Amino acid sequence: MVETAAALRTVAHNVRAARTRAGLSLEELGRRAQVSKGALVALEKAQGNPNLATLVRLADTLGISVSALMQGSPEGRVVRVVAADAVAPLWTGERGSEARLMLTTSGPAPVEVWRWRLEPDEEYPSHPHQAGVVETVSVTAGRMTLIVDGTEHILEAGQTATFDGDASHTYRGSGMEPCDLIMTVHLPPAP
């Protein structure tokens, strides 16, 4: 519980700082991100429980990565090692699926690295990202269906797909076993 409260305080600080840097009022950020002003006020006070879709919409609107909203200040490390069990899932499905944002690289065009587990027939419909975002999905075990703009693509263990993230897209576990995958989200350079 203490870890969750600390993470929420970090998100609150980072949203407020990014909103201020962008010169956006709470009303304008809420309108652009399709998040209510009340939810933003609560979030900036480190209250509430924002879901993954809300964090993605806020990050896209603010022109930063989801992990930039979640990470504290850098500690000057040259190598950063993150264990999957050290990162809380940002999304969990009713059947046990989950998505964990492992880390984000720094620099002018950051890359988010996600670890996903999709249970059979469970799916996550993703909010389309800002223009210029490219996603890459690499299946390490099992089988999944990637749906991009309504077209289904079956990916088996050992296969990788890439697509423009500004299109509507859904990830669905397929087959009889859970599907494990690594997803990278390549963000465009900040303006």
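Is E44 buried or exposed? Select E44 and have a look: with a relative accessibility of 9%, it counts as buried, because buried here means anything under 20%. Keep in mind as you go that you are looking at a predicted model.

**Stop 1: around E44**

Keep E44 selected and find the helix that holds it, which is α3. Now show the neighbours. Leaving out residues up to four places away in sequence, E44 touches A12, V15, R16, R19 and L26. Then pick L8 as well. Along the chain, L8 and E44 are 36 residues apart, yet their C-alpha atoms sit 9.0 Å from each other in space.

**Stop 2: the annotated domain**

Next, select residues 15-69. An unreviewed UniProt entry annotates this stretch as "domain: HTH cro/C1-type". Switch to a cartoon view and you'll see plenty of helix: the span is 71% helix and 0% strand. Try a distance between its two end C-alpha atoms, too; they lie 6 Å apart.

**Stop 3: two helices crossing**

Zoom in on residues 26-33, which form helix α2, and residues 37-44, which form helix α3. Two packed helices are described by the angle between their axes and the distance between the axes. For α2 and α3, the angle is about 115° and the axes are 9 Å apart. Their crossing is right-handed.

Which residues make the contact? On the α2 side, select L26, E27, L29 and G30. On the α3 side, add K37, L40, V41 and E44, so our starting residue E44 turns up again, as part of this contact. Colour the set by class and you get four nonpolar, one polar and three charged residues.

**Stop 4: the loops on either side of α3**

Most residues other than glycine have a negative phi. Here are two that go the other way. Click on Q34, in the loop between α2 and α3. Q34 is not a glycine, but its phi is positive, at about 60°. With a relative accessible area of 60%, Q34 is exposed.

Now move on to A46, in the loop between α3 and α4. A46 isn't a glycine either, and its phi is also positive, at about 60°. How exposed is A46? Partly, with a relative accessible area of 23%.

While you're in the loop between α3 and α4, pick N49, which is found there too. N49 is exposed, at 73% relative accessible area. Bring L8 back into the selection: N49 and L8 are 41 residues apart in sequence, but 8.0 Å apart from C-alpha to C-alpha.

**Stop 5: the nonpolar core**

In soluble globular proteins, nonpolar side chains tend to be buried together. To see this model's largest nonpolar core, start with W114, W116, M144 and Y171, the residues with the most contacts inside it. The whole core has 44 residues. Which helix gives the most to this core? Select residues 52-62: that is helix α4, and it contributes six residues.

**Stop 6: V137 and its crowd of neighbours**

Go to strand β5, residues 134-141, and pick out V137. Its relative accessible area is 0%, so V137 is buried. Show what V137 touches, again skipping residues up to four places away in sequence: M144, L155, Q159, T160, A161, F163, Y171, L181, I182 and M183. Two of those names, M144 and Y171, came up at the core stop. Check the spacing to F163 as well: V137 and F163 are 26 residues apart in sequence and 8.8 Å apart between C-alpha atoms.

**Stop 7: out at E94**

For a contrast, finish at E94. You'll find E94 in the loop between β1 (91-92) and β2 (98-104). E94 is exposed, with a relative accessible area of 85%. Add E122 to the selection for one last distance: E94 and E122 are 28 residues apart in sequence, and their C-alpha atoms are 8.0 Å apart in space.

Definitions and conventions
Residues are numbered from 1 along each chain as its sequence is written. This is a predicted model: local features need pLDDT of at least 70, side-chain atom pairs count only at pLDDT 80 or more; totals for chains, interfaces and linings use all residues. Side-chain values use heavy atoms; hydrogens and water are left out. UniProt positions are given in the numbering used here, feature names are shortened, and annotations may be inferred rather than shown by experiment. Helices (H or I, at least four residues) and strands (E, at least two) are DSSP runs, numbered from the N terminus. Axes are lines fitted to C-alpha atoms, for helices over the stretch in contact, and angles run from 0 to 180 degrees between N-to-C directions. A crossing is left-handed if the near helix is turned anticlockwise from the far one by less than a right angle, and right-handed if clockwise. Contact means heavy atoms within 4.5 Å. Ala, Val, Leu, Ile, Met, Phe, Trp, Tyr, Cys and Pro count as nonpolar, Asp, Glu, Lys and Arg as charged, and the others, Gly among them, as polar. A nonpolar core is a set of buried Ala, Val, Leu, Ile, Met, Phe, Trp, Tyr and Cys residues joined through side-chain atoms within 4.5 Å. Buried means under 20% relative accessible area, exposed over 50%, partly exposed in between (1.4 Å probe, protein chains only).
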